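Visitor: I'm new to this structure and would like to learn how to read it. Could you walk me through it?

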Amino acid sequence: VAISEISGVDAAECIVSVAYELVDALKFGLIDWQQLTGLGLVQRARQVVPLDQSSSQNRRQMLVHTLIDIQMDNFLQYSMGLLSEASQLDSKSVQEVGIQLQMSPEMQSDKEELESFLFEHVYRHPKLVEVRQRAATRLNQLYRLLKSYPQRLPERFQRWASELGIEHTAAVYLAGMTDRFCDDQYTSLV
């Protein structure tokens, strides 16, 4: 998703999640540091902090924080420049003109490069495909169970089910679960 197409809060969430996904991939051995040398954002981070002079854990922590910092700084600085050009306009006029908060084109390009790298080397990694398949099976089983036995939903979701329908309510309930909570629910309900 191009950051220019989403809100500032969504942009920050996207920046943070991509940075943590990269660091988690390093932590779990899905990728190694050598694979990151050609990535523009990692090169930018190395200009800010001495990543190569730290222990593995500190190195990952410094990388994630630096990636977030440099992208958010760029996003804020570039967006402020766009907004300063519209300083005479009120917020409604800014929306009508179509000014969108965003990163600089160079930083956006580096971010897209990192996202492509993650897609190719992490999201399709055989270890993750297996985990995703197991999770999908569990979610499917939980969905069928809750659809058949809505009384197993928490009370507030049972009330929603009477208004919105059990299919929609069960899907909303499952979509809001963390991985750990989903595992706990699977163990207790199935």
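Guide: We'll go through helices, cores, salt bridges and a surface patch in turn. Keep in mind that this is a predicted model.

Visitor: Let's begin with helices. What span should the 23 residues of α6 have, and how far apart are its end C-alpha atoms?

Guide: The idea is to count 1.5 Å a residue and compare the result with the model. For α6 the expected span is 33 Å, and the end C-alpha atoms are 33 Å apart, so the two agree. You can repeat this with α5: its 19 residues should span 27 Å, and its end C-alpha atoms are 25 Å apart, which agrees.

Visitor: Which residues of α6 are buried?

Guide: Those are Leu142, Leu145 and Leu146. What covers them includes α8 (166-175) and α9.

Visitor: Then let's look at α9. Where does Leu189 lie, and which residues does Leu189 touch?

Guide: Leu189 lies in helix α9, which covers residues 179-189. Setting aside residues up to four places away in sequence, Leu189 touches Leu142, Leu145, Leu146 and Arg152. Take Leu142: 47 residues separate Leu142 from Leu189 along the chain, yet their C-alpha atoms are 7.7 Å apart.

Visitor: Is Leu189 buried or exposed?

Guide: Buried: its relative accessible area is 15%, and buried means under 20%.

Visitor: How do I read a nonpolar core? Which residues touch the most other members of the largest one?

Guide: Look for buried nonpolar residues joined through their side chains. The largest nonpolar core here has 31 residues, and Leu22, Ile31, Leu36, Leu63, Leu67 and Leu114 touch the most other members. The elements giving two or more residues to this core are α1 (8-27), α2, α3 (56-84) and α5. Of these, α1 gives the most, with 8 residues.

Visitor: What is Ile31 in contact with?

Guide: Apart from neighbours within four places in sequence, Ile31 is in contact with Leu22, Ala25, Leu26, Leu36, Phe117, His121 and Val122. There is also a second, separate core of 14 residues, and its members include Leu142, Leu146, Tyr173 and Leu189.

Visitor: Now salt bridges. How many does the structure hold?

Guide: Start with the general idea: side chains of opposite charge can pair when their charged atoms come close. The structure holds 5 salt bridges. One of them joins Asp110 and Arg44, with the closest N and O atoms 2.6 Å apart. That pair links distant parts of the chain, as Asp110 is in helix α5 (residues 105-123) and Arg44 is in helix α2 (residues 40-48), 66 residues apart.

Visitor: Are Asp110 and Arg44 buried or partly exposed?

Guide: Asp110 is buried, at 14% relative accessible area, whereas Arg44 counts as partly exposed at 28%. In α5, the buried residues also include Lys111 and Glu115, along with Leu114 and Phe117.

Visitor: What about Asp183? Which residue forms a salt bridge with Asp183?

Guide: Arg138 does, with the closest N and O atoms 3.0 Å apart. Here too the pair links distant parts of the chain: Asp183 belongs to helix α9 and Arg138 to helix α6 (residues 126-148), 45 residues apart. Asp183 is partly exposed at 36%, and Arg138 is partly exposed at 29%.

Visitor: And how far apart along the chain are Glu155 and Arg159?

Guide: They are 4 residues apart, about one turn of the helix, and both lie in helix α7 (residues 155-164). Their side chains meet in a salt bridge of 3.9 Å, N to O. Glu155 counts as exposed at 62%, while Arg159 is partly exposed at 48%.

Visitor: One last feature: which residues form a nonpolar patch on the surface?

Guide: Met80, Leu83 and Leu101 do, with about 240 Å² of accessible area together. Met80 is found in helix α3 and is exposed, with a relative accessible area of 53%.

Visitor: Where does Gln100 lie?

Guide: Gln100 sits in the loop between α4 (91-97) and α5, and is partly exposed at 41%. Its C-alpha atom is 8.9 Å from that of Leu83, although the two are 17 residues apart along the chain.

Notes
Residues are numbered from 1 along each chain as its sequence is written. This is a predicted model: local features need pLDDT of at least 70, side-chain atom pairs count only at pLDDT 80 or more; totals for chains, interfaces and linings use all residues. Side-chain values use heavy atoms; hydrogens and water are left out. Buried means under 20% relative accessible area, exposed over 50%, partly exposed in between (1.4 Å probe, protein chains only). Contact means heavy atoms within 4.5 Å. A salt bridge is a side-chain nitrogen of Lys or Arg within 4 Å of a carboxyl oxygen of Asp or Glu. A nonpolar core is a set of buried Ala, Val, Leu, Ile, Met, Phe, Trp, Tyr and Cys residues joined through side-chain atoms within 4.5 Å. Patches are made of residues with over 30% relative accessible area and no salt bridge: like charges are joined within 9 Å, nonpolar side chains (Val, Leu, Ile, Met, Phe, Trp, Tyr) within 5 Å. Accessible areas come from the Shrake-Rupley method with a 1.4 Å probe; for residues, only the protein chains shown count as cover. The expected span of a helix is 1.5 Å times one less than its number of residues.
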